[in-house]
Amino acid sequence: MVFSLLRRKSSNRRHAIVFNDGGLSHVCLAPGEDGSPRLQACERLTIGEEEVSSLLKQLVKRQGLSDQPCATLMDLGSYHLFLIEMPKVPPPEMKAAVRWQIKDMIDYHIDDAVLDIFDAPTSSARGSREHIYVVVARRQAVEDRARLMQEAGLELEVIDIPELALRNIAMRLPEAEKGLALLYQEAQRGLIALYRGSTLYLARTLDIGYQTFEAAETHAVLLDNLALEVQRTLDYYDRHFQQAPIRHLVSTPAPFEHPQLHQVMDASLGLASRTLAPAEIVAGVTDEIPAACILAIGCALRREEKKL
């Protein structure tokens, strides 16, 4: 899941290569002595004048990744994630029904789209129907990413999405049992996602990234806007899912984090807010690893999903 490509080869190592913020991150996880995932390798490369394909091929050769099973992610903004009512059709007909249902929700022809579906949590609201999540992207974008990886010699098994990579991180945090909001920021955009246990409840992309703060002369308005976006997300969660309120917010590390971010979240929203420590999610990780590698760790932590 999400866009599966090849059968899985037998391997206890999990490789992920993720492109974000003008670079690529490679992460390898393997079971530790207690069976829990442990970081075996982590590398961050900046994409400069050299072509991405050349840089990737050099990484594959240097790390001996040829023919190794590998996962990657779609870029934020290159796909849509919709929460829709589940069509009342038999499971074998589900994807066809979903394609028809979302065809007017995208700005390109449905024949040019590739999609996948996964379970959405049940709403406790009276009279609410079952929902599912739909991931849809341009077929060309998916094929281009797959071709890039395969031409570098990788055995690409899946192209996932950041919301599910971050879910793999969130479910390992102590706040997960009661629910948490996870804030992830790239240079120009971000993502706020709500999780409880191993379940994604809601996710929204943001037009606020860490460079937005770096470039701004004053941060007060940006912090207020960010708090407002988090509040709107929580309000929708409360109305639609009618679960116990979420009281915790965790932000993933970023090259720049405003020193008042958590203070504002605490004061404005009443959230217990903090920054994630990478060592919380996998063994063998130090807080000195590049912030851009966190998403790759989440990608490498993926597990097989039950398909609808």
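Select strand 11 (residues 190–196): seven of its seven residues are buried, so the strand is largely enclosed by the rest of the structure. Buried here means under 20% relative accessible area, exposed means over 50%, and partly exposed lies in between, with a 1.4 Å probe and protein chains only. Strands are DSSP runs of E with at least two residues, helices are runs of H or I with at least four, and both are numbered from the N terminus. Show the side chains of strand 11: Gly190, Ile192, Leu194 and Arg196 point one way, Leu191, Ala193 and Tyr195 point the other way, and all are buried.

This is a predicted model, in which local features need pLDDT of at least 70 and side-chain atom pairs count only at pLDDT 80 or more, while totals for chains, interfaces and linings use all residues. Residues are numbered from 1 along each chain as its sequence is written, and side-chain values use heavy atoms, leaving out hydrogens and water.

**The neighbours of strand 11**

Add strand 12 (residues 199–206), which pairs with strand 11 in the antiparallel sense over seven bridges. Two strands count as paired if DSSP finds at least two bridges between them. To find one of these bridges, pick Ile192, whose partner in strand 12 is Arg204. Then go to the turn: strands 11 and 12 form a hairpin with two residues between them, and Gly197 in that turn has a positive phi of about 60°.

Next, add strand 10 (residues 180–185), which is also antiparallel to strand 11, with six bridges. A hairpin of four residues joins strand 10 to strand 11. Two pairs can be picked out here: Leu180 has Tyr195 of strand 11 as its bridge partner, and Tyr184 stands opposite Leu191 in strand 11.

**Strand 10 and strand 13**

Stay on strand 10, where six of six residues are buried. Leu180, Leu182 and Tyr184 lie on one side, Ala181, Leu183 and Gln185 on the other, and both faces are covered.

Which strand pairs with strand 10 in the parallel sense? Strand 13 does, over three bridges. Select Leu182 and Val250 to see a bridge between strand 10 and strand 13.

Follow the chain onward to Thr252, in the loop between strand 13 and helix 7 (261–269). Thr252 has 3% relative accessibility, so it counts as buried. Contact means heavy atoms within 4.5 Å. Leaving aside residues up to four places away in sequence, Thr252 touches Leu166, Leu182, Leu183, Tyr184, Gln185, Glu257, Leu276 and Ile294.

**Helix 7**

Now select helix 7, whose buried residues are Leu261, His262, Val264, Met265 and Leu269. These residues cover an arc of only 160° around the axis, which puts them on the same side of helix 7. The arc is that of the directions from the helix axis to the C-beta atoms. What do the buried residues of helix 7 pack against? They pack against strand 10, helix 6 (220–241), strand 13 and strand 14 (272–275).

Turn to the other side of helix 7 to find Gln263 and Ala267 exposed. Just after helix 7 comes Gly270, with a positive phi of about 70°.

**Helix 3**

Move to helix 3 (residues 139–151). Its 13 residues should span 18 Å at 1.5 Å a residue, and its end C-alpha atoms are 18 Å apart, which agrees. The expected span is 1.5 Å times one less than the number of residues. Colour the buried residues of helix 3, which are Val142, Arg145, Ala146, Leu148 and Met149. Seen down the axis of helix 3, they fall within an arc of 155°, so they line one face of the helix. Gly153 follows helix 3 and has a positive phi near 100°.

**The whole chain**

Zoom out. The chain has eight helices and 14 strands. Its radius of gyration, taken over C-alpha atoms, is 19 Å, close to the 19 Å from the globule rule for 308 residues, so the chain is as compact as a globular protein of that length. That rule is 2.2 Å times the number of residues to the power 0.38. Along its principal axes, the C-alpha trace spans about 50 × 50 × 40 Å. Of the 308 residues, 51% count as buried. Among contacts with a separation of 6 or more, 65% are between residues 24 or more positions apart.

Finally, colour by pLDDT, the predictor's confidence in each residue, from 0 to 100. The chain mean is 90, and 93% of residues reach 70 or more. Confidence is lowest in strand 1 (residues 3–4), with a mean of 63, and highest in strand 13 (residues 248–251), at 98.
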